[in-house]
Amino acid sequence: MKQTLVTGNEAAAWGARLARPDYIPTFPITPQTECIETLAQWGADGELPDTYFDKMESEHSVMSAAVGAAAVGARVFTATSSQGLLLMHEVLYIASGMRLPIVMATVSRGLSAPVTLWSDHNDFLDQRDSGWLMFHAENNQEVLDTVIQAYRIAEDPRVLLPVMVNMDGYVLSFTDEPINIPSPEMVDEFLPAYAPAHTIEKGRPITVGPPVLEDYSIFRAQNHVAARNAFEVIEETQDDFEKIFGRRYHMVDEFMLDDAELVLVTQGSMSTTAKAAIMEMRSEGIKVGLLRLRVIRPWPAGAIVRALKDAKAVAVIDRNLAPGKGGIMFPEVVETLYHLDDRPLVSSFVVGLGGNPQTEVKIKEITSKLKEDLVSGQPRVEWNDIEEM
Amino acid sequence: MREEELPYKGIEGIPIIKEPGSASKVNRGSWRLVRPVYDREKCTKCKICFTYCPDAAINWTPEGPEINLKSCKGCMICVEECPTDAMTEEKEGT
Amino acid sequence: MQEFKNLKDLPEQDYFTGGSSACAGCGPSMELKLALKALGPDTLVVNASGCMTLLPLYPNTPLKVSWIHNAIENAASTAAGARHGLDMLGEKDMNVVVFAGDGATYDIGFASLSAAATKNERIIYICYNNQSYGNTGFQWSTATPYGCETKTTPRGKDNPIGTTDVHKDMMKIMGAHRVYAATASLAYPVDFLNKLVRAKERGGFSYIEILGTCNTGWNFDPRLTVKVSRLAVQCGMWPLYEIDKGLLTLNKDFQELKPIDEFVKIQGRYRALPQEGVEKLQALINEHWAQLKEYNGQRYV
């Protein structure tokens, strides 16, 4: 199959282009800007005949315009990063509350202050409770594929929720990788035109976004049920995707887990480095494997339990921080395993904040520390990048 | 209700109002302390009362204004603005 | 669409019903009702959070047109997205109309409004200006006039004036965006509806600001809503004018303005404004009025 060199930003733009959105509101922010610039150039070149490319004056307005367009039944794409994603935060809840299937690529970058341009996952995970479905890609092929899948999942009548597709800034966003760009015909076969049943149109006046009284709990519960319905829809989507494109993704990505005693739990591009390190450690006889969290919302507890139930020790590697608490995904994983009779020991590693590189050496260090924990029976909370202060 | 019993209500579970003008069935007449009283004899059908009613509680008919007391909150703009005293006010409960 | 000649000429069909939870005598409710007469059934109203957000209360709505409420600071952006969405889906003849208060317009939503105007989006933006944050109980906004007492600019021993700032000249700012900008008053409904007709015919972005006479916040008898609105125009507190491509037209001229005292004395929000404050307010109004008279028919911005 023909391979093309594209950056993560371009891969997201390709996913959007192939999904034929009606509307793309945009605002620049590093390290996402290249994604919207690519779309802007395609628009100027007449390559996006079915799309109105718009430029807004803030990310808040980007998401607001996305809500406006999706509410009238348009298919919408946008992209953002970091501070921009935080500026959108208010409107993200409105998009999911109105059950609008917007798809957005997010490019993770650490949050200010102090300013960093490099990647960690606090921006993305800050949206954890926003009601969006959340995917985190490992490489550029997955970025493109997941954007296309995201529309199928978002627009399914059982779901009707917006979807965020995250990639790591710089490591993916600005790095060329050889990927397969599917043909428009194949994508059209996979992704039908959006046919919404709950939107504003002429001759059928409806009120969107009204205040409610005691029904609030019911609507919130519906948001939750819809997100949980997504489990089934995601699986079906993977089946159809595999049939057409020959690639398959899962709720979680399992790597060398079959006999693994030690398991590293990761997110995003760091997983590729960790997999390389694991292959080396395996050749040294260390029984280590990896679980990559691909779908963050809905939280795939079942898949995580199945993947980790036979492990002896688990290291949750968080490239993020909730100050005063710790790594954000650590408690989520621990809670998921809590009810097991024979649950593994779980240690927490806070790593790679502001893009601090996670080399294979560092991954090996984490693994040996986890092994120590298994021997001592004492889980740890470790700050991997700080030797002394 | 247990979580697994929560039903999925589809489009019905989305917070939109699908019935235009459904508020017209809500009774706001209970807000009123005074009510407008219409005198057809004095009316010149100038449409001032109809135009200025903030709650669209005055319907316009070929015979002139028709007050909908379910929607009238008793602001008395119609009484104040009527140039011919065709609208007067009366205390509620009298 | 023809312009309307007089009150009897206005459309009889309403796309607004009773039953909302708006206050008795609510000016902005009346204004929306009137606007929909000119706009017709194929209209999407984009609302910014404020009093009017509570017109619909699930599962009831007084609206017979479509309505979307997003948040407070993003009505113009929401409208831009809806406009392009409708256009791309072939529903080009739907009107997209913002109905937002002054706080949402002058303050927190100003960036999104300015961008939509700069891009000349095909939207009619109606600001119902009640000169305050009304729904939260009457606090200061940059539209609050000098001398007005609000909950965040209370009069007291050290500040007898209340609001000491002079409100933003939003019309001039919007005029400088080279769009159609106009003021309107519920006391002059024919003028208001004709401005909507002009905006619709003109295409592109239009900004219409109507005095959102608020008996609850301004503290006067609700029966006086029309009278207070008319006085505001007659006193020069709320002159009726339009700016099109920078050119100013004064729509309602007076030989002599009524003294602002007549407007001030019937509203609780100006109660206890000392004479020096009334005089300063009068001076500010005179200055603005003189400017409008001077530039009438000429380039204003």
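**Close-up 1. Strands 5 and 7 of chain C side by side.** In this predicted model, strand 5 (residues 180-184) of chain C runs antiparallel to strand 7 (residues 241-244) of chain C, and three bridges link the pair. Look for Ala182(C): its bridge partner in strand 7 of chain C is Glu242(C).

**Close-up 2. The whole sheet, with strands from chains A, B and C.** Here you get an open, mixed sheet of 10 strands, in the order 1(B)-9(A)-2(C)-1(C)-3(C)-4(C)-6(C)-5(C)-7(C)-8(C). Strand 1 (16-17) of chain B and strand 8 (247-250) of chain C sit at the edges with a single partner strand each, so one side of each has no neighbour in the sheet. Packed on the sheet is helix 2 (residues 75-88) of chain C, which touches strands 1, 2, 3 and 4 of chain C. The direction of helix 2 of chain C makes about 170 degrees with that of strand 3 of chain C.

**Close-up 3. Helix 8 of chain C, mostly tucked away.** Eight of the 10 residues in helix 8 (residues 225-234) of chain C are buried, so the rest of the structure largely encloses it. Among them are Val226(C), Arg230(C) and Leu231(C). The cover includes helix 1 and helix 2 of chain B, plus helix 1, strand 6, helix 7 and helix 9 of chain C. After helix 8 of chain C comes Gly236(C), with a positive phi near 85 degrees.

**Close-up 4. Where chain B meets chain C.** Chain B puts 32 residues into this contact and chain C puts in 31. On the chain B side, helix 1 (48-52) and helix 2 (77-81) each supply at least two residues, and helix 2 of chain B gives the largest share, four residues. That side of chain B has 17 nonpolar, seven polar and eight charged residues.

Note on methods
Residues numbered from 1 in each chain as written. Chains lettered and ligands numbered in written order. Predicted model: local features only at pLDDT ≥ 70, side-chain atom pairs only at ≥ 80, totals over all residues. Contact = placed C-beta atoms within 7 Å. Nonpolar A, V, L, I, M, F, W, Y, C, P; charged D, E, K, R; others polar. Pairing = 2+ DSSP bridges. Axes fitted to C-alpha atoms, helices over the stretch in contact; angles between N-to-C directions. Buried ≥ 20, exposed ≤ 12 C-beta atoms within 10 Å, placed from the backbone.
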